[in-house]
Amino acid sequence: MRRKWMALALAAVTAMGTIAVPTVASADDVQEITWMFWDDLEATDDLISLGYAEVIERFNEDYDGVYHVTAITTNLEEYYTKLNALVAAGDTPDVFIVSPGPNLDVYVDPGIAAPLDEYLEADGWKETFSSDAVFSQMTYDDSIYAVPLNIAAACVFYNTEMFENAGVEVPTTWDEFLEVCQALQDAGYTPISISAGTAWCLSMVAGYLCDREGVDLEAIESGEQSWVNDQTIAAAEKMVELSQYFQPTAAGDTNDVATAAFYNEEAAILIQGSWAIAQINGANPDFEEKCGVFQFPAIEGGNDGDRIIAKSDSLAMSSATEYPEACIALMKYFTDDTAQKYTAEVGGKIPVTNVEYDADVAPAQLAYVMDIFSNASGTFGFYNESLATTEAGSMFDDEMVSIYLGDETPEEALQALEDWYNLEIR
(Lines give C-alpha, C1' and ligand atoms only; values in the text may rest on other atoms or scores of the structure.)
Protein backbone atom coordinates (compact mmCIF):
# COMPACT_ATOMS: atom_id res chain seq x y z
CA MET A 1 0.00 0.00 0.00
CA ARG A 2 1.53 3.29 -1.02
CA ARG A 3 0.27 6.70 -0.04
CA LYS A 4 -0.83 8.95 -2.90
CA TRP A 5 0.19 12.60 -2.87
CA MET A 6 -2.39 15.38 -3.00
CA ALA A 7 -2.59 17.44 -6.19
CA LEU A 8 -4.87 20.34 -5.38
CA ALA A 9 -7.52 21.71 -7.70
CA LEU A 10 -9.02 24.98 -6.55
CA ALA A 11 -12.26 25.22 -8.47
CA ALA A 12 -15.12 27.30 -7.06
CA VAL A 13 -17.74 27.68 -9.73
CA THR A 14 -20.95 25.78 -9.00
CA ALA A 15 -23.09 25.16 -5.94
CA MET A 16 -23.83 21.71 -4.55
CA GLY A 17 -27.31 20.31 -4.12
CA THR A 18 -29.41 20.29 -0.99
CA ILE A 19 -29.57 17.39 1.45
CA ALA A 20 -32.91 15.72 2.00
CA VAL A 21 -33.93 15.31 5.66
CA PRO A 22 -35.99 12.22 6.57
CA THR A 23 -39.43 12.40 8.10
CA VAL A 24 -39.32 12.85 11.87
CA ALA A 25 -39.77 9.61 13.83
CA SER A 26 -40.64 8.91 17.44
CA ALA A 27 -38.11 9.54 20.22
CA ASP A 28 -37.55 5.79 20.60
CA ASP A 29 -36.29 5.62 17.03
CA VAL A 30 -33.63 8.34 17.32
CA GLN A 31 -30.24 7.08 16.14
CA GLU A 32 -27.54 8.36 18.52
CA ILE A 33 -24.01 8.81 17.16
CA THR A 34 -20.79 10.42 18.41
CA TRP A 35 -18.32 12.73 16.71
CA MET A 36 -14.80 13.28 18.06
CA PHE A 37 -12.83 16.51 17.50
CA TRP A 38 -9.55 18.05 18.66
CA ASP A 39 -10.79 21.30 20.20
CA ASP A 40 -13.09 22.33 23.05
CA LEU A 41 -16.19 23.66 21.30
CA GLU A 42 -17.39 25.36 24.49
CA ALA A 43 -14.21 27.34 25.18
CA THR A 44 -12.57 27.95 21.80
CA ASP A 45 -12.12 31.21 19.90
CA ASP A 46 -10.99 29.35 16.78
CA LEU A 47 -13.40 30.30 14.00
CA ILE A 48 -13.13 26.95 12.20
CA SER A 49 -13.95 25.12 15.45
CA LEU A 50 -16.90 27.44 16.02
CA GLY A 51 -18.07 26.64 12.50
CA TYR A 52 -17.92 22.93 13.30
CA ALA A 53 -20.01 23.60 16.41
CA GLU A 54 -22.59 25.30 14.19
CA VAL A 55 -22.66 22.24 11.92
CA ILE A 56 -23.38 19.98 14.90
CA GLU A 57 -26.16 22.28 16.14
CA ARG A 58 -27.71 22.59 12.68
CA PHE A 59 -27.58 18.82 12.13
CA ASN A 60 -29.28 18.09 15.45
CA GLU A 61 -31.99 20.67 14.78
CA ASP A 62 -32.69 19.49 11.23
CA TYR A 63 -32.72 15.81 12.16
CA ASP A 64 -34.55 16.25 15.46
CA GLY A 65 -36.30 12.98 16.30
CA VAL A 66 -34.34 11.06 13.65
CA TYR A 67 -30.61 11.39 14.29
CA HIS A 68 -28.65 13.01 17.12
CA VAL A 69 -24.90 13.54 17.41
CA THR A 70 -22.94 14.13 20.62
CA ALA A 71 -19.51 15.75 20.36
CA ILE A 72 -16.51 14.24 22.16
CA THR A 73 -13.88 16.96 22.44
CA THR A 74 -10.34 17.30 23.71
CA ASN A 75 -7.24 19.33 22.77
CA LEU A 76 -4.98 18.77 19.78
CA GLU A 77 -1.99 17.54 21.80
CA GLU A 78 -4.01 14.77 23.49
CA TYR A 79 -6.40 13.97 20.65
CA TYR A 80 -4.86 10.83 19.20
CA THR A 81 -3.98 9.41 22.62
CA LYS A 82 -7.61 9.70 23.71
CA LEU A 83 -9.00 8.51 20.37
CA ASN A 84 -6.74 5.45 20.42
CA ALA A 85 -7.81 4.68 23.99
CA LEU A 86 -11.44 4.66 22.86
CA VAL A 87 -10.54 2.45 19.89
CA ALA A 88 -8.69 0.01 22.16
CA ALA A 89 -11.69 -0.11 24.50
CA GLY A 90 -14.00 -1.02 21.62
CA ASP A 91 -15.75 2.34 21.85
CA THR A 92 -14.58 4.01 18.63
CA PRO A 93 -16.50 7.26 17.93
CA ASP A 94 -18.93 6.88 15.05
CA VAL A 95 -17.31 9.78 13.19
CA PHE A 96 -13.88 11.17 14.04
CA ILE A 97 -11.52 13.77 12.64
CA VAL A 98 -8.22 12.59 11.17
CA SER A 99 -5.17 13.85 9.30
CA PRO A 100 -4.00 12.23 6.06
CA GLY A 101 -0.95 9.97 6.10
CA PRO A 102 0.12 7.56 8.86
CA ASN A 103 -2.44 9.02 11.27
CA LEU A 104 -5.05 7.60 8.92
CA ASP A 105 -3.14 4.43 8.02
CA VAL A 106 -3.38 3.18 11.58
CA TYR A 107 -7.18 3.23 11.30
CA VAL A 108 -7.31 1.84 7.75
CA ASP A 109 -4.99 -1.15 8.13
CA PRO A 110 -6.80 -2.80 11.08
CA GLY A 111 -10.22 -2.05 9.60
CA ILE A 112 -11.24 0.62 12.13
CA ALA A 113 -12.14 3.19 9.45
CA ALA A 114 -14.83 2.23 6.96
CA PRO A 115 -14.41 2.63 3.18
CA LEU A 116 -16.64 5.43 1.93
CA ASP A 117 -16.75 4.90 -1.83
CA GLU A 118 -20.33 3.63 -2.04
CA TYR A 119 -21.61 6.58 -0.05
CA LEU A 120 -19.63 9.12 -2.07
CA GLU A 121 -20.91 7.68 -5.34
CA ALA A 122 -24.54 7.64 -4.17
CA ASP A 123 -26.71 10.69 -4.94
CA GLY A 124 -23.81 12.52 -6.64
CA TRP A 125 -22.11 13.51 -3.38
CA LYS A 126 -18.60 13.02 -4.78
CA GLU A 127 -19.41 15.23 -7.77
CA THR A 128 -19.89 18.21 -5.46
CA PHE A 129 -16.17 18.20 -4.57
CA SER A 130 -13.80 20.42 -6.51
CA SER A 131 -11.71 17.51 -7.80
CA ASP A 132 -10.96 13.85 -7.24
CA ALA A 133 -7.49 15.07 -6.23
CA VAL A 134 -8.79 16.24 -2.84
CA PHE A 135 -9.21 12.55 -1.93
CA SER A 136 -5.69 11.48 -2.93
CA GLN A 137 -4.23 11.46 0.58
CA MET A 138 -7.30 9.62 1.90
CA THR A 139 -7.11 6.84 -0.71
CA TYR A 140 -5.63 3.43 0.15
CA ASP A 141 -5.71 0.38 -2.13
CA ASP A 142 -8.07 2.33 -4.40
CA SER A 143 -10.65 2.98 -1.68
CA ILE A 144 -11.43 6.31 0.03
CA TYR A 145 -11.42 6.21 3.84
CA ALA A 146 -11.98 9.85 4.79
CA VAL A 147 -13.76 12.94 3.52
CA PRO A 148 -11.82 16.24 3.43
CA LEU A 149 -13.41 19.33 4.96
CA ASN A 150 -11.00 22.05 3.86
CA ILE A 151 -7.55 22.69 2.40
CA ALA A 152 -4.76 24.60 4.11
CA ALA A 153 -1.10 25.36 3.41
CA ALA A 154 1.89 25.85 5.67
CA CYS A 155 2.93 29.49 5.23
CA VAL A 156 4.79 32.30 6.94
CA PHE A 157 2.60 34.88 8.69
CA TYR A 158 4.10 38.27 9.40
CA ASN A 159 3.26 41.54 11.12
CA THR A 160 3.22 44.10 8.31
CA GLU A 161 3.62 47.00 10.75
CA MET A 162 6.75 45.50 12.33
CA PHE A 163 8.22 44.81 8.90
CA GLU A 164 7.60 48.41 7.89
CA ASN A 165 9.09 49.77 11.11
CA ALA A 166 12.18 47.60 10.63
CA GLY A 167 12.50 48.71 7.01
CA VAL A 168 12.28 45.21 5.54
CA GLU A 169 10.27 43.59 2.78
CA VAL A 170 8.92 40.09 2.28
CA PRO A 171 11.84 37.71 1.63
CA THR A 172 11.80 35.23 -1.23
CA THR A 173 15.10 33.46 -0.57
CA TRP A 174 16.68 31.84 2.47
CA ASP A 175 19.45 34.43 2.72
CA GLU A 176 16.90 37.24 2.52
CA PHE A 177 14.86 35.54 5.24
CA LEU A 178 17.83 35.50 7.60
CA GLU A 179 18.60 39.13 6.79
CA VAL A 180 14.99 40.11 7.56
CA CYS A 181 15.12 38.26 10.89
CA GLN A 182 18.35 40.03 11.83
CA ALA A 183 16.90 43.43 10.91
CA LEU A 184 13.78 42.74 12.98
CA GLN A 185 15.94 41.74 15.92
CA ASP A 186 18.08 44.87 15.51
CA ALA A 187 14.86 46.93 15.54
CA GLY A 188 13.97 45.46 18.96
CA TYR A 189 11.48 42.81 17.84
CA THR A 190 11.43 39.08 18.52
CA PRO A 191 11.72 37.85 14.92
CA ILE A 192 9.95 34.45 15.12
CA SER A 193 7.42 32.81 17.42
CA ILE A 194 7.39 29.02 17.12
CA SER A 195 6.60 25.97 19.23
CA ALA A 196 9.20 23.30 19.88
CA GLY A 197 7.08 22.10 22.80
CA THR A 198 4.60 20.87 20.17
CA ALA A 199 7.14 18.96 18.09
CA TRP A 200 5.33 18.97 14.74
CA CYS A 201 5.52 22.78 14.59
CA LEU A 202 9.30 22.67 14.56
CA SER A 203 9.46 19.63 12.29
CA MET A 204 7.23 21.48 9.80
CA VAL A 205 10.10 23.96 9.35
CA ALA A 206 12.55 21.06 9.08
CA GLY A 207 10.31 19.43 6.48
CA TYR A 208 10.27 22.58 4.36
CA LEU A 209 14.05 22.81 4.58
CA CYS A 210 14.47 19.14 3.66
CA ASP A 211 12.26 19.59 0.61
CA ARG A 212 14.03 22.80 -0.39
CA GLU A 213 17.36 20.96 -0.13
CA GLY A 214 16.04 18.19 -2.40
CA VAL A 215 15.77 15.33 0.10
CA ASP A 216 14.50 12.18 -1.64
CA LEU A 217 12.14 10.53 0.85
CA GLU A 218 11.40 7.55 -1.39
CA ALA A 219 15.10 6.74 -1.66
CA ILE A 220 15.46 6.99 2.11
CA GLU A 221 12.38 4.86 2.77
CA SER A 222 13.65 2.11 0.46
CA GLY A 223 17.14 2.16 1.93
CA GLU A 224 18.76 3.34 -1.30
CA GLN A 225 19.90 6.40 0.61
CA SER A 226 20.74 7.02 4.25
CA TRP A 227 19.11 9.61 6.46
CA VAL A 228 22.65 10.91 6.92
CA ASN A 229 23.32 12.71 3.65
CA ASP A 230 24.35 16.15 2.44
CA GLN A 231 20.77 17.35 1.92
CA THR A 232 19.38 16.31 5.33
CA ILE A 233 22.45 17.64 7.13
CA ALA A 234 22.18 20.97 5.30
CA ALA A 235 18.48 21.20 6.17
CA ALA A 236 19.13 20.51 9.86
CA GLU A 237 21.96 23.04 9.95
CA LYS A 238 19.68 25.69 8.44
CA MET A 239 17.03 24.94 11.08
CA VAL A 240 19.66 25.55 13.76
CA GLU A 241 20.73 28.74 11.98
CA LEU A 242 17.16 30.01 11.97
CA SER A 243 16.57 29.07 15.61
CA GLN A 244 18.74 31.94 16.84
CA TYR A 245 15.75 34.14 15.98
CA PHE A 246 13.14 32.13 17.92
CA GLN A 247 11.57 33.43 21.12
CA PRO A 248 13.56 32.37 24.21
CA THR A 249 10.69 30.18 25.47
CA ALA A 250 10.23 28.22 22.22
CA ALA A 251 11.40 24.94 23.76
CA GLY A 252 8.49 24.84 26.20
CA ASP A 253 5.84 26.83 24.35
CA THR A 254 2.88 24.95 22.92
CA ASN A 255 1.44 25.70 19.52
CA ASP A 256 -1.35 27.78 21.08
CA VAL A 257 1.10 29.81 23.16
CA ALA A 258 3.40 30.46 20.19
CA THR A 259 0.47 31.48 17.97
CA ALA A 260 -0.90 33.79 20.68
CA ALA A 261 2.50 35.48 20.97
CA PHE A 262 2.24 36.35 17.28
CA TYR A 263 -1.30 37.74 17.25
CA ASN A 264 -0.63 39.58 20.51
CA GLU A 265 2.25 41.27 18.66
CA GLU A 266 5.05 39.85 20.77
CA ALA A 267 6.84 38.54 17.66
CA ALA A 268 7.00 39.54 14.01
CA ILE A 269 6.75 36.13 12.30
CA LEU A 270 4.81 32.90 12.77
CA ILE A 271 5.62 29.86 10.62
CA GLN A 272 2.35 27.97 10.67
CA GLY A 273 -0.42 26.54 8.53
CA SER A 274 -3.20 28.66 7.09
CA TRP A 275 -5.51 26.86 9.52
CA ALA A 276 -4.13 29.39 12.03
CA ILE A 277 -6.10 32.17 10.29
CA ALA A 278 -9.24 31.12 12.15
CA GLN A 279 -7.37 31.05 15.46
CA ILE A 280 -5.66 34.41 14.87
CA ASN A 281 -8.77 36.26 13.73
CA GLY A 282 -10.99 34.61 16.30
CA ALA A 283 -8.75 35.63 19.20
CA ASN A 284 -7.75 39.08 17.93
CA PRO A 285 -9.97 40.36 15.09
CA ASP A 286 -8.24 43.74 15.06
CA PHE A 287 -4.95 42.09 14.07
CA GLU A 288 -6.28 40.91 10.70
CA GLU A 289 -5.44 44.20 8.96
CA LYS A 290 -1.75 43.91 9.77
CA CYS A 291 -1.36 40.14 9.29
CA GLY A 292 0.35 39.31 6.00
CA VAL A 293 1.27 35.89 4.58
CA PHE A 294 4.13 34.75 2.36
CA GLN A 295 5.51 31.50 0.97
CA PHE A 296 8.29 29.70 2.83
CA PRO A 297 11.46 31.00 1.12
CA ALA A 298 13.45 29.20 -1.54
CA ILE A 299 17.03 28.09 -1.06
CA GLU A 300 19.35 29.47 -3.71
CA GLY A 301 20.55 26.62 -5.91
CA GLY A 302 18.23 24.20 -4.13
CA ASN A 303 15.09 22.26 -5.02
CA ASP A 304 11.90 23.82 -6.44
CA GLY A 305 11.02 26.73 -4.14
CA ASP A 306 7.39 26.86 -5.25
CA ARG A 307 6.38 23.59 -3.60
CA ILE A 308 4.12 23.92 -0.56
CA ILE A 309 3.08 21.77 2.38
CA ALA A 310 -0.68 21.18 2.12
CA LYS A 311 -3.18 19.20 4.17
CA SER A 312 -6.80 19.05 5.20
CA ASP A 313 -9.02 18.27 8.16
CA SER A 314 -10.86 15.07 7.27
CA LEU A 315 -13.60 12.87 8.68
CA ALA A 316 -13.51 9.09 8.98
CA MET A 317 -16.39 6.76 9.91
CA SER A 318 -16.09 3.80 12.25
CA SER A 319 -16.57 0.47 10.53
CA ALA A 320 -18.35 -0.69 13.70
CA THR A 321 -20.97 2.05 13.78
CA GLU A 322 -24.56 0.89 14.19
CA TYR A 323 -25.84 3.82 12.16
CA PRO A 324 -23.84 4.43 8.99
CA GLU A 325 -26.68 6.41 7.39
CA ALA A 326 -26.67 8.87 10.29
CA CYS A 327 -22.88 9.18 10.09
CA ILE A 328 -22.93 9.89 6.37
CA ALA A 329 -25.71 12.43 6.84
CA LEU A 330 -23.51 14.23 9.38
CA MET A 331 -20.47 14.13 7.11
CA LYS A 332 -22.53 15.62 4.30
CA TYR A 333 -23.46 18.53 6.56
CA PHE A 334 -19.75 19.31 6.97
CA THR A 335 -19.40 19.53 3.19
CA ASP A 336 -22.68 21.25 2.27
CA ASP A 337 -22.87 24.81 0.93
CA THR A 338 -23.52 26.38 4.33
CA ALA A 339 -20.49 24.78 5.96
CA GLN A 340 -18.17 25.30 2.99
CA LYS A 341 -19.11 28.96 2.58
CA TYR A 342 -18.34 29.42 6.27
CA THR A 343 -15.00 27.65 5.77
CA ALA A 344 -13.91 30.34 3.31
CA GLU A 345 -15.81 33.45 4.35
CA VAL A 346 -15.26 33.15 8.10
CA GLY A 347 -12.61 30.50 8.72
CA GLY A 348 -10.20 31.53 5.99
CA LYS A 349 -9.61 28.01 4.67
CA ILE A 350 -10.02 26.82 1.10
CA PRO A 351 -13.27 24.91 0.48
CA VAL A 352 -13.11 21.39 -0.93
CA THR A 353 -16.37 21.64 -2.87
CA ASN A 354 -17.57 23.65 -5.86
CA VAL A 355 -19.36 26.10 -3.58
CA GLU A 356 -19.44 29.77 -4.54
CA TYR A 357 -18.28 32.16 -1.84
CA ASP A 358 -17.75 35.90 -1.53
CA ALA A 359 -14.01 36.54 -1.53
CA ASP A 360 -14.63 40.15 -0.47
CA VAL A 361 -16.00 39.09 2.92
CA ALA A 362 -13.46 36.31 3.52
CA PRO A 363 -10.50 36.99 5.84
CA ALA A 364 -7.84 39.09 4.16
CA GLN A 365 -5.22 36.38 4.75
CA LEU A 366 -7.14 33.91 2.55
CA ALA A 367 -6.35 35.97 -0.55
CA TYR A 368 -2.63 35.66 0.24
CA VAL A 369 -2.96 31.90 0.68
CA MET A 370 -4.93 31.53 -2.55
CA ASP A 371 -2.18 33.46 -4.34
CA ILE A 372 0.44 31.09 -2.89
CA PHE A 373 -1.60 28.09 -4.07
CA SER A 374 -2.10 29.56 -7.53
CA ASN A 375 1.67 29.92 -7.95
CA ALA A 376 2.55 26.56 -6.40
CA SER A 377 4.30 24.04 -8.63
CA GLY A 378 3.21 21.13 -6.42
CA THR A 379 2.34 20.05 -2.92
CA PHE A 380 3.77 17.67 -0.35
CA GLY A 381 2.72 16.54 3.11
CA PHE A 382 4.08 17.10 6.57
CA TYR A 383 7.19 14.97 6.97
CA ASN A 384 5.80 13.36 10.11
CA GLU A 385 2.72 12.37 8.06
CA SER A 386 4.68 11.33 4.97
CA LEU A 387 6.99 8.69 6.41
CA ALA A 388 6.44 4.94 6.51
CA THR A 389 4.61 4.80 9.83
CA THR A 390 3.27 7.01 12.60
CA GLU A 391 6.22 5.92 14.73
CA ALA A 392 8.65 7.01 12.01
CA GLY A 393 6.98 10.42 11.91
CA SER A 394 7.25 10.75 15.68
CA MET A 395 10.91 9.74 15.52
CA PHE A 396 11.58 12.47 12.95
CA ASP A 397 9.79 15.04 15.10
CA ASP A 398 11.72 14.06 18.22
CA GLU A 399 15.10 14.14 16.49
CA MET A 400 14.43 17.60 15.07
CA VAL A 401 13.61 18.85 18.57
CA SER A 402 16.76 17.19 19.88
CA ILE A 403 18.82 19.07 17.28
CA TYR A 404 17.15 22.35 18.22
CA LEU A 405 17.77 21.80 21.93
CA GLY A 406 21.42 21.02 21.25
CA ASP A 407 21.13 17.54 22.72
CA GLU A 408 22.44 16.08 19.45
CA THR A 409 24.31 17.39 16.44
CA PRO A 410 22.51 17.12 13.09
CA GLU A 411 24.75 14.18 12.20
CA GLU A 412 24.04 12.40 15.50
CA ALA A 413 20.29 12.90 15.27
CA LEU A 414 20.13 11.79 11.65
CA GLN A 415 22.25 8.74 12.44
CA ALA A 416 19.83 7.86 15.23
CA LEU A 417 17.00 8.13 12.71
CA GLU A 418 18.94 5.96 10.25
CA ASP A 419 19.63 3.32 12.88
CA TRP A 420 15.97 3.25 13.89
CA TYR A 421 14.89 2.89 10.24
CA ASN A 422 17.26 -0.04 9.72
CA LEU A 423 15.80 -1.73 12.77
CA GLU A 424 12.10 -0.95 12.35
CA ILE A 425 11.33 -0.08 8.71
CA ARG A 426 13.69 -1.52 6.14
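The exchange below asks how certain labels in this predicted model are justified.

Reader: Why is E61 called exposed?

Author: The relative accessibility of E61 is 54%. Exposed means over 50%, so E61 counts as exposed. The residue sits in helix α1, which spans residues 47–62.

Reader: What makes E61 part of a negative surface patch?

Author: The patch is formed by E54, E57, E61, D62 and D64. Asp and Glu count as negative, and a patch residue needs over 30% relative accessible area. E61, at 54%, passes that cut-off, so its area fits the label.

Reader: Why is A133 called buried?

Author: A133 has a relative accessible area of 18%. The limit for buried is under 20%, therefore A133 is buried. A133 lies in the loop between α4 (117–121) and β4 (139–140). From A133 to R426 the C-alpha distance is 30 Å, and the two are 293 residues apart in sequence.

Reader: How do you know that strand β7 is mostly covered?

Author: Strand β7 covers residues 152–159, and eight of its eight residues are buried. On one side these are A152, A154, V156 and Y158. On the other side they are A153, C155, F157 and N159, so both faces are covered under the cut-off of under 20%.

Reader: What makes β7 and β11 a pair?

Author: Two strands pair if there are at least two bridges between them. β7 and β11 (residues 307–311) have two bridges, in the antiparallel sense, so the condition is met. A153 stands opposite A310 in β11.

Reader: How do you know that β7 pairs with β9 and is joined to β10?

Author: The count for β7 and β9 (residues 269–273) is five bridges, antiparallel, with V156 opposite I271. β7 and β10 (residues 291–294) run antiparallel and are joined by four bridges, and Y158 has G292 as its bridge partner. At least two bridges are needed, so both counts satisfy the condition.

Reader: Why are β2 and β6 called edge strands?

Author: The open sheet has five strands in the order β2-β1-β3-β12-β6, with mixed pairing. β2 (67–73) and β6 (147–148) each pair on one side only, and they are the edge strands.

Reader: What makes β3 and β12 partners within that order?

Author: Strand β3 (residues 95–98) and strand β12 (residues 314–317) run antiparallel and are joined by four bridges. The condition is at least two, so they pair. V98 stands opposite S314 in β12. In general, strands of a sheet pair through backbone hydrogen bonds, either parallel or antiparallel.

How values were computed
Residues numbered from 1 in each chain as written. Predicted model: local features only at pLDDT ≥ 70, side-chain atom pairs only at ≥ 80, totals over all residues. Heavy atoms only, no water. Buried < 20%, exposed > 50% of the residue type's maximum accessible area, 1.4 Å probe, protein only. Patch = residues over 30% accessible without salt bridge, like charges linked within 9 Å, V, L, I, M, F, W, Y side chains within 5 Å. Areas by Shrake-Rupley, 256 points an atom, 1.4 Å probe, with all protein chains shown as cover. Salt bridge = Lys/Arg side-chain N within 4 Å of Asp/Glu carboxyl O. Charge placed at Lys NZ, Arg CZ, Asp CG, Glu CD.
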